[in-house]
Each structure stands twice: as structure tokens, then as C-alpha cells.
Amino acid sequence: MQPDLSRLGELGNTSVVGLQWGDEGKGKIVDLLTKRFDYVIRWNGGSNAGHSVKVGEKKYAFHLLPSGVLRPECVCVLANGVVIDPIQLLREMDDLMSSGLELGENFRISSAAHVVLPYHKLQDQLSETQLAGKKIGTTARGIGPCYADKAGRGNAIRMADLIVENRLREKLPRIIAEKNRLLSGLYAAPPLDWEPIFEQYRSCGQQLKPYVCNSVHMLHEALAAKKRLLFEGANAVLLDLDHGTFPYVTSSNCGSGLSAGTGVPGSAVKSVLGVVKAYSSRVGAGPFPTEQENAIGEKIRQRGHEFGTTTGRPRRCGWIDLVAVRYAARLAGATGLCITLLDVLSTFDTLKMCVGYKIGGREQAGFDPDAEGLACAEPVYEELPGWHEPLDHLSDLAGLPPSARRYLERIAEYVGVPLKLVSVGPDRRQTLVV
Ligand code: IMP
């Protein structure tokens with residue numbers, strides 16, 4: 001049975017945001033909601049994100065394509081805030097079309113989105129090797145260097161440049177010459193030859209050209225026509241460049257950048273659904289107070305298949321951290337919570353929730369994302385009874401064991417945001433509407 005989403009009421013234009021360190025299952029939530037929306041818009045990050053969506057027996061793993069592409073009646077947009085690796089994008093588009101789905105008028109790319117080029121990926125990898133003991137643990141997809149070039153302006157290439165051969169030919173040789181000086185000076189890297197890169201990216205530009213448009217104009221037309229817009233956040237609030245656990249963050253604003261990333265004012269967004277995994281996970285380096293580097297963490301990792309969609313890395317796992325989630329919910333302006341992967345917690349006798357921190361023996365109110373302070377934080381836990389019943393067959397909240405209901409209620413109560421959806425498995429049908 002498909003979940004009855006009409007029980008959510010009128011959401012208006014809606015933003016879906018991850019409230020932890022990513023991999024909360026946003027892709028499934030977006031895919032579910034798309035049938036109530038006309039547009040699905042990605043507005044931050046790039047192919048560092050990994051969204052898996054299961055429809056029937058088929059599992060899709062997207063990095064750049066919005067999860068909405070599985071419903072052809074919906075227009076999917078990569079807005080100006082996204083950084084686009086054209087080779088990865090074309091690969092995903094090919095995969096999708098080979099499974100019989102169409103991409104035409106229903107897919108649009110902002111002409112102002114920045115392009116990830118091979119030297120960005122190289123810079124990302126080389127810079128990580130130099131950081132030695134202080135590695136960020138990036139996805140090596142060139143995200144940081146591409147956003148750095150965006151902020152630096154002089155060496156940036158946008159989609160509008162990629163699709164016009166003369167513009168690309170005018171910019172690329174000069175930029176690559178500068179990158180060669182940088183990469184050889186800093187990392188003794190061999191120089192890149194601009195011509196094959198130009199040829200490959202020129203070809204990508206020509207293939208992507210039919211989809212490129214002024215997305216700001218298009219989205220404002222959609223707003224004027226009272227179309228329903230769904231904004232798909234990538235990465236998550238605790239990885240936000242300004243508000244996450246810096247420097248162990250990504251290079252975009254994942255919790256607070258919707259307006260800059262789309263050109264749509266915040267006032268146009270009525271609902272913000274915060275997606276929260278029933279426990280915590282993190283990929284890459286950085287503080288993680290509730291991490292369980294023991295049999296509990298391993299059990300969660302195995303039950304939750306916690307291995308990265310983008311890099312395949314085993315994810316670090318631990319108990320849910322409500323202090324961090326409440327901070328993230330406030331930053332994102334969450335109006336409702338979607339709790340995912342609740343089924344993974346079946347078979348624990350007791351479950352722990354972090355409801356405070358002690359730093360240097362003193363209780364600390366609230367969440368301070370300062371990485372050094374957080375690395376010393378000792379979690380204060382509340383213990384709740386677990387449950388042993390499997391949940392993945394459920395289609396109604398009433399079927400949940402009382403302790404699972406209590407667990408959910410405590411999350412909503414602590415975070416101060418009402419519960420809207422609960423996911424108990426990857427399939428669309430494994431969703432309970434509150
Ligand atoms: P970058 O975004 O590749 O620069 O990586 C910076 C940090 O963000 C690393 O710790 C990554 O593992 C993490 N990260 C980036 N995107 C995601 C995501 O979608 N899910 C989980 N972690 C992510």
C-alpha cells in the first residue's frame with residue numbers, strides 16, 4: 001500500500017533538509033513527496049551527495065540528478081548553487097534513460113551553476129594528502145576547489161561558459177596554465193594538457209546545452225503560476241560551511257543557503273521538513289560525540305547498511321544526538337520532522353539518546369559547532385527501552401511497538417518540532433504518515 005500523503009495537509013512550497021551529517025535518507029523522502037509537487041530543485045553541493053531511491057525492485061543511486069527525476073511529470077532543476085561535474089551528470093542521465101525514463105523538458109540546469117573540472121578533483125585529492133593528520137576526509141569530487149574558484153571569480157567556469165565553445169576556448173587554456181603553476185608549485189604535480197580537457201568538456205557542454213536555462217527566471221515564472229516547488233537539500237546542516245563543525249564540513253551552505261542557491265526568496269517556502277536518521281552517522285573526519293566505536297556501532301552499521309553511496313566508505317555510527325539535531329532544526333527552520341531508518345534499531349534492549357554534553361566536567365547548554373570544543377564533549381545520555389519486533393512490514397503508525405512510539409515522541413518533544421513521517425525501510429511503501 002502506498003502511504004497516504006494527503007494526511008500531511010497542505011505543505012505549500014517545501015524544503016527538505018538533512019539535520020545531521022548527511023545520509024539521512026532525504027532521497028527517499030523527496031521521491032515520495034514529488035507526486036505532490038510540480039518542480040524539484042537541487043540548490044547546493046555537487047556529486048559529493050549520494051541519494052539512493054528504491055522503486056519496486058530497482059535501486060537508483062544519484063549524485064547530481066534530483067531524486068524527482070523518477071516522476072517524469074515533475075520538472076527537475078539543478079539550480080545555480082549546485083556545482084556540476086558534467087561527466088558524472090551525463091553518466092547518471094544515461095543510466096536513467098537506459099532504464100526507460102525520459103529526460104527532456106522535465107530537466108533543467110542553471111546557466112549560472114559552476115562546473116567541476118579535472119583540476120578541481122586533483123586539487124581536492126592533493127590537498128588532502130598534504131593535510132596528513134588533519135585530513136577532512138572529503139569525497140574527492142572537487143567540491144571545495146570548485147566553490148573556492150566560484151568565490152575567487154577569475155578562474156571560474158559556469159554552465160553558460162561550458163555550452164559556448166568560444167567562451168570555453170577563451171577561458172580554459174588560461175585557467176589551466178594557472179592551475180599548472182599552482183599544482184606543480186604546491187604539490188610537484190605534472191602539468192595538465194588543456195586541449196584534451198577542452199575537447200572532452202566542449203563535448204559535454206554540447207550534450208547538456210538543451211537543458212541549460214536561466215533557472216531563476218524559470219522558478220519565478222513557476223511561482224507566479226502557483227506551481228508547487230520542492231527544494232531538495234544535499235549534504236546536511238552539520239556539514240554547512242558556515243554553521244557546521246568547521247573545518248570538517250563541505251563547501252556549501254547546506255542548511256541556510258536555499259535563497260542564494262536558487263534565487264527564490266525564503267518567504268516563498270512554507271514548510272521545511274527536517275530529515276533525521278533514528279541514530280547518527282558521519283563519513284569523513286570531524287567530531288562526533290555519540291560515536292560508538294564498538295559492537296553497538298558495528299551492529300548499527302551492518303543493520304543500516306551504512307556504507308557511503310558516493311565513496312563506499314564505512315560510515316561512523318552512533319546514538320542519536322538530539323542536541324545537534326535541535327540546533328540543526330533551528331538553523332533550517334524545520335516545521336516538521338521525518339524520522340528515517342527506525343527499523344534499523346529493532347533488536348536493541350535499550351537505546352540511548354544524547355540530551356546534553358559535558359565539557360571539562362561542566363554541562364553545556366546547546367550545541368556549539370566549534371570542532372575543537374565538540375571533540376572534547378562527553379555526551380549526557382537518556383536511556384529508553386528498545387524493541388525486538390521488526391518494523392519493516394508496517395504501513396501504519398498504530399502498528400509500532402509502544403517503545404518505538406515513545407522513542408519517536410521523545411525526539412519530537414526534545415527537538416520541539418512535530419513529527420510528520422516515519423520511514424521503516426527503503427521502499428516507498430515502508431513509510432508511516434503521522
Ligand atoms: P566534500 O563535500 O567532498 O568536500 O567533503 C567534506 C566532508 O563532507 C567530508 O567529511 C564528506 O564525507 C562530507 N560529505 C559531503 N557530502 C556528503 C553527503 O552527502 N553525505 C555525507 N557526508 C558528506
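Reader: Why is Thr-347 called partly exposed?

Author: This is a predicted model, and in it Thr-347 has a relative accessibility of 28%. Buried means under 20% and exposed means over 50%. The value for Thr-347 falls in between, so this residue counts as partly exposed.

Reader: Where does Thr-347 lie, and what does it touch?

Author: You'll find Thr-347 in the loop between β15 and β16 (350-359). Leaving out residues up to four places away in sequence, Thr-347 touches Lys-299, Arg-303, Trp-387 and His-388. Take His-388: it sits 41 residues from Thr-347 in sequence, yet the C-alpha atoms are 4.1 Å apart.

Reader: What makes the link between the side chains of Thr-347 and Lys-299 a polar contact?

Author: The cut-off for a pair of N or O atoms is within 3.5 Å. Here the side chains of Thr-347 and Lys-299 are joined at 3.0 Å, so the distance fits.

Reader: How do you know that β15 and β19 pair?

Author: Pairing takes at least two bridges. Strand β15 (residues 336-340) and strand β19 (residues 419-423) have three, so they pair, and they run parallel. As an example, Leu-337 has Leu-419 of β19 as its bridge partner.

Reader: Which sheet are they part of, and what makes β9 and β20 edge strands?

Author: Both belong to an open sheet of 10 strands with mixed pairing, in the order β9-β7-β5-β2-β10-β1-β11-β15-β19-β20. β9 (212-213) and β20 (431-433) each have a single partner strand, so one side of each lacks a neighbour in the sheet.

Definitions and conventions
Residues are numbered from 1 along each chain as its sequence is written. This is a predicted model: local features need pLDDT of at least 70, side-chain atom pairs count only at pLDDT 80 or more; totals for chains, interfaces and linings use all residues. Side-chain values use heavy atoms; hydrogens and water are left out. Helices (H or I, at least four residues) and strands (E, at least two) are DSSP runs, numbered from the N terminus. Buried means under 20% relative accessible area, exposed over 50%, partly exposed in between (1.4 Å probe, protein chains only). Contact means heavy atoms within 4.5 Å. A polar contact is a pair of N or O atoms within 3.5 Å; within protein, one must be able to donate a hydrogen and the other to accept it, and residues adjacent in sequence count only if both atoms are side-chain atoms.
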